[in-house]
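User: I am new to this structure and would like a close look at a single part of it. Please pick one strand, describe it in detail, and then place it within the whole.

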Amino acid sequence: MENPKKIFIAEDDFFIAADLKEMLTEMGYRVTGIGTDARSSIALLRDIAPDIALLDIRLRGKNDGFLIAEYINLHLQIPFVFVTAYADGEIVEQATRLSPAAYLVKPFSRHAIFSTLETVKALSGLGG
């Protein structure tokens with residue numbers, strides 16, 4: 001991939017975060033940070049200004065992904081993707097109010113991550 005895009009991950013499960021980071025790196029993306037809760041994620045987002053963020057909704061038992069998404073919408077205006085195990089109607093409804101670029105349900109595959117990010121890049125004008 002020419003001109004690798006910077007990706008931020010908000011994920012509290014170490015193994016999922018490590019798998020995501022490895023997948024993204026192999027695809028040519030550059031992971032610029034991993035936050036495990038809203039506080040650490042927002043602090044990292046302020047410092048690194050990624051191109052795209054991958055957000056788990058439930059971090060450490062709280063819906064911190066929604067707080068991170070609100071911060072992104074107010075301060076960064078970058079596309080974000082919810083990557084979560086929660087797909088019930090109420091959670092999806094809350095998530096869609098925050099205007100994510102996409103919504104991926106765990107467990108996800110490498111192909112799902114790749115196609116989602118390529119679509120987000122194209123629709124957001126992030127190019128190659």
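Analyst: What follows starts from one strand and then moves outward to the rest of the chain.

The model is predicted, so local features need pLDDT of at least 70 and side-chain atom pairs count only at pLDDT 80 or more, while totals for chains, interfaces and linings use all residues. Residues are numbered from 1 along each chain as its sequence is written, and side-chain values use heavy atoms, with hydrogens and water left out.

The part chosen is strand β5, residues 102-105. Helices and strands here are DSSP runs numbered from the N terminus, with at least four residues of H or I for a helix and at least two of E for a strand. In a regular strand the side chains alternate between the two faces of the sheet. Strand β5 shows such an alternation: A102 and L104 point to one face and are buried, whereas Y103 and V105 point to the other and are not buried. Buried means under 20% relative accessible area, exposed means over 50%, and partly exposed is in between, using a 1.4 Å probe and protein chains only.

The pairing partner described here is β4, residues 80-84, which runs parallel to β5 over four bridges. Two strands pair if DSSP finds at least two bridges between them. One of the residues involved is L104, the bridge partner of V83. Helix α4, residues 89-96, joins with β4 and β5 in a right-handed β-α-β unit. Right-handed here means that, with the strands pointing away from the viewer, the path from the first strand over the helix to the second runs clockwise.

After β5 comes the loop that leads to α5 (110-124), and P107 lies in that loop. The peptide bond between K106 and P107 is cis, with omega of about -5°. K106 also gives a distance across the model: its C-alpha atom is 18 Å from that of D37, with their positions 69 residues apart along the chain. D37 sits in the loop between β2 (30-35) and α2 and counts as buried because its relative accessibility is 18%. Apart from neighbours within four places in sequence, D37 is in contact, that is, with heavy atoms within 4.5 Å, with L59, R60, D64 and I68. L59 and R60 are also among the residues in contact with D12, which is located in the loop between β1 and α1 (14-26).

The interior comes next. In soluble globular proteins, nonpolar side chains tend to be buried together. A nonpolar core is a set of buried Ala, Val, Leu, Ile, Met, Phe, Trp, Tyr and Cys residues joined through side-chain atoms within 4.5 Å. The largest such core has 21 residues, and those touching the most other members are A53, L55, F66, I68, I72, F80 and F82. At least two residues of this core come from each of β1 (6-10), α2 (38-48), β3 (52-55), α3 (64-76), β4 and α4. Helix α3 gives the largest share, five residues. A second, separate core of 18 residues includes L54, V83, I113 and V120. V83, the bridge partner of L104, is also touched by L55, which reaches A10, I72 and F80 among others.

Two further loops contain a residue other than glycine with positive phi. A49, between α2 and β3, has phi near 45°. Q77, between α3 and β4, has phi near 50° and counts as exposed because its relative accessibility is 55%.

As a whole, the protein has five helices and five strands, in the order β-α-β-α-β-α-β-α-β-α along the sequence. Of its 128 residues, 43% count as buried. Among contacts between residues at least 6 apart in sequence, 64% join residues at least 24 apart. The C-alpha trace spans about 40 × 30 × 30 Å along its principal axes.
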